[in-house]
Amino acid sequence: MSDFLLSPLTWLAIAAVLLVLFGKRLHRRAKWLCRIVVVLAVLTCTPLCANALLWLAERHPGIADCSGTQDGWPIVLLTAGYDRPPRSVDDDAALNEENFERMDAARSLARKDPASIIYVSGGGRYDIPESMILGGLLEQAGIAHGRVRLETRSRTTWENAFELRGDIRQARLVTSPAHLQRAAMAFRAAGIATCAIPSESGVTAMSGVGYVLPRRTAMVKTEQALHEFAGRVAYAWRAWRLHAASNRS
């Protein structure tokens with residue numbers, strides 16, 4: 001439901017339907033509001049606006065970048081979802097592109113620190129956990145089987161953190177740049193110290209007139225950024241409630 005509400009396409013459809021079907025009966029201010037929503041929806045589907053929003057989402061103030069001082073800390077690779085239901089534990093084509101970007105970052109770090117343990121966290125909504133497929137890919141890439149630990153129960157970033165808190169007290173957190181802030185909030189709430197290992201940025205440089213024309217790929221970026229902003233608000237609320245409950249007890 002949240003993905004539906006946070007999509008510019010939804011805003012555009014609702015505003016357009018109101019204007020077309022009820023335009024004559026709408027109050028003048030309501031008409032202007034609908035027109036503004038239409039314009040905003042179109043603008044947020046342009047690469048210019050979408051990349052600006054994603055750039056803001058990729059800022060993660062207050063989260064330390066991992067340096068040599070964190071050598072030996074466990075590596076936590078967070079899964080990113082499926083594009084379609086997986087057919088088997090070897091069906092890596094079902095994973096979305098972000099999974100591969102995150103995995104590349106984790107694999108690079110693991111090779112630089114050969115003594116580190118890698119926790120792959122994420123179950124997902126299908127019978128075959130995402131972490132199982134990603135863990136297999138890491139082993140195929142040369143990471144020893146004994147270094148890869150799978151967390152297969154979680155379905156959200158919040159659950160990632162709380163499923164792992166019995167196993168680790170600190171982590172080098174590997175995820176997409178836009179997701180880092182929300183992930184760090186969840187791990188902080190779970191009592192796990194983190195530093196950041198962002199995968200490849202999704203922001204693209206300005207290039208020609210196409211940068212100001214609506215595109216489907218731009219809409220996807222906007223949805224991603226809005227999802228992260230809304231998620232941070234929700235996680236801040238959950239963390240506050242957890243802290244308040246802990247103080248009461």
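**Exercise 1. Identify the buried residues of helix 9 and state which helices cover them.**

*Solution.* Step 1: in helix 9, the buried residues are A218, M219, K221, T222, A225, L226, E228, G231, R232, Y235 and A244. Buried denotes under 20% relative accessible area, exposed over 50%, and partly exposed the range in between (1.4 Å probe, protein chains only). Helices (H or I, at least four residues) are DSSP runs numbered from the N terminus, as are strands (E, at least two). The model is a predicted one, in which local features need pLDDT of at least 70 and side-chain atom pairs count only at pLDDT 80 or more, whereas totals for chains, interfaces and linings use all residues. Residues are numbered from 1 along each chain as its sequence is written, and side-chain values use heavy atoms, with hydrogens and water left out.

Step 2: the cover over these buried residues includes helix 2, helix 3, helix 4, helix 7 (157–164) and helix 8.

Step 3: the 33 residues of helix 9 should span 48 Å at 1.5 Å a residue, and the end C-alpha atoms are 48 Å apart, which agrees. The expected span is 1.5 Å times one less than the number of residues.

**Exercise 2. Determine which face of helix 3 is buried and what T44 touches.**

*Solution.* Step 1: helix 3 has C34, A41 and T44 as its buried residues. Viewed down the helix axis, these residues fall within an arc of 100 degrees, so they line one face of helix 3. The arc is that of the directions from the helix axis to the C-beta atoms.

Step 2: R28, R29 and W32 are exposed on the other side of helix 3.

Step 3: the buried residues of helix 3 are covered by elements including helix 2, helix 4 (47–57) and helix 9 (216–248).

Step 4: T44, with 10% relative accessibility, counts as buried. Leaving aside residues up to four places away in sequence, T44 touches P8, W11, C49, A50, L53, A218 and T222. Contact means heavy atoms within 4.5 Å.

**Exercise 3. Analyse the salt bridges of E228, R107 and D91.**

*Solution.* Step 1: side chains of opposite charge can pair when their charged atoms come close. A salt bridge is a side-chain nitrogen of Lys or Arg within 4 Å of a carboxyl oxygen of Asp or Glu. The whole structure holds 7 salt bridges.

Step 2: E228 pairs with R182, their closest N and O atoms being 2.8 Å apart. This pair links distant parts of the chain, with E228 in helix 9 and R182 in helix 8 (residues 177–189), 46 residues apart. Both E228 and R182 are buried.

Step 3: R107 forms a salt bridge with D104, with 2.8 Å between the closest N and O atoms. R107 and D104 are 3 residues apart in helix 5 (residues 97–112) and are therefore separated by about one helical turn. R107 is partly exposed at 22%, and D104 is partly exposed at 37% relative accessibility.

Step 4: D91 and R84 meet in a salt bridge of 2.7 Å, N to O. D91 counts as buried at 10% relative accessibility, whereas R84 counts as partly exposed at 25%.

Step 5: D71, D113 and R172 are linked in a network of salt bridges.
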